[in-house]
Amino acid sequence: MEYANIKAATFLHRPNRFIAEVDLSGKTVISHVKNTGRCRELLIPGAPIYIQDFGEEHAGRKTRYDLIAVEKNGHLINMDAQAPNKVFAEWAMSQEDGCSWRGEVTWGSSRFDFAWQRGEERGFIEVKGVTLEQDGIALFPDAPTERGVKHLRELKRAVEEGLHGGVCFVVQMAEAKTFRPNDMTHPEFGTALRDAAQAGVELTARLCAVAPSSLVLGRTIPIEL
């Protein structure tokens, strides 16, 4: 996926989870933060960032800018929480495997990101964006997610009823070596992920090629449960 009108800026302050004050060419402007996670290790005063400029009109928007990516230790991390579903959809549609795909499908008491069907086989995929990395390890979540736990339990139930279930962790960076559930932040999610995997839910974690104006889903990395 690609972004238009990307500009380099510097992060200054995050008054709340929805907006950030940034320095753009010596002027302080307000940017929408497209990620409601904590991102404390990323949004550090002085960090180089990239924002999308929607122009002076920016009709229907409260802010002119969106915060898209941030540099951490010289590496670029995409922070757009909507991007993982988009790049996964692009990747899925490019696969010549005979699958037909639908987005935002309700099953049971959950709404999954994607449903697929190939002949008589069908299943669901939940996509999770990952922006937290420590010592080469990609971690999810960066804040407790009861919704994520619910999705895992519903995917487990789908598998138990003869369907396929899967989770794709889209790691919004290029440098991580492995993926792990973030048990320190939300142990219940880690437990639910292990239970789902044991029941047959398929887990994958994929890195991304990240540029200021683009994001592309890339290779898989090992998952350590």
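In the predicted model, Q117 has R122 of strand β9 as its bridge partner. This pair belongs to the antiparallel arrangement of strand β8 (residues 110-118) and β9, which extends over five bridges. The two strands form a hairpin in which two residues lie between them. Within the turn, G119 adopts a positive phi of about 65°.

On β9, a further pairing involves strand β12 (residues 164-171), to which β9 is joined by eight bridges. In contrast to the antiparallel sense of β8 and β9, β9 and β12 run parallel. One position of this second pairing is marked by G129, which stands opposite V170 in β12. Strand β9 (residues 121-130) is largely enclosed by the rest of the structure, because seven of its ten residues are buried. Strand β9 thus pairs with β8 in the antiparallel sense and with β12 in the parallel sense.

Backbone geometry was examined next. Most residues other than glycine have a negative phi, and most peptide bonds are trans. Against this background, S25 shows a positive phi of about 55° although it is not a glycine. S25 is placed in the loop between β2 (19-24) and β3 (27-33). Its relative accessibility is 75%, above the 50% cut-off, and S25 therefore counts as exposed. A positive phi of about 55° is also found at D135, again not a glycine. The loop that holds D135 connects β10 (132-134) and β11. With a relative accessibility of 79%, D135 likewise counts as exposed.

The peptide bond from F140 to P141 is cis, its omega lying near 0°. P141 belongs to the loop between β11 (137-140) and α2 (146-160). Strand β11 therefore borders both the loop of D135 and the loop of P141, because the former lies between β10 and β11 and the latter between β11 and α2.

A separate loop, between β3 and β4 (48-53), contains G46. At 49% relative accessibility, this glycine counts as partly exposed, since the value falls below the 50% cut-off for exposed residues. When neighbours within four places in sequence are left aside, G46 is in contact with T10 and F11. The C-alpha atoms of G46 and H13 are 9.1 Å apart in space, while the two residues are separated by 33 residues in sequence.

For the chain as a whole, three helices and 15 strands are assigned. Among contacts with a separation of 6 or more, 62% are accounted for by residues 24 or more positions apart. The radius of gyration is 18 Å, which agrees with the value near 17 Å that a compact globule of 225 residues would have. Along the principal axes, the C-alpha atoms fill a box of roughly 60 × 35 × 30 Å.

Of the 225 residues, 48% count as buried. The accessible surface of the chain comes to about 11,200 Å², and carbon and sulfur atoms contribute 48% of this area. Charged side chains comprise 27 positive and 31 negative groups. The centres of the two sets are 4 Å apart.

Technical notes
Residues are numbered from 1 along each chain as its sequence is written. This is a predicted model: local features need pLDDT of at least 70, side-chain atom pairs count only at pLDDT 80 or more; totals for chains, interfaces and linings use all residues. Side-chain values use heavy atoms; hydrogens and water are left out. Helices (H or I, at least four residues) and strands (E, at least two) are DSSP runs, numbered from the N terminus. The radius of gyration is taken over C-alpha atoms; the globule rule is 2.2 Å times the number of residues to the power 0.38. Buried means under 20% relative accessible area, exposed over 50%, partly exposed in between (1.4 Å probe, protein chains only). Contact means heavy atoms within 4.5 Å. Accessible areas come from the Shrake-Rupley method with a 1.4 Å probe; for residues, only the protein chains shown count as cover. Lys and Arg count as positive and Asp and Glu as negative; His and the chain ends are not counted. The place of a charge is taken as NZ of Lys, CZ of Arg, CG of Asp or CD of Glu. Two strands pair if DSSP finds at least two bridges between them.
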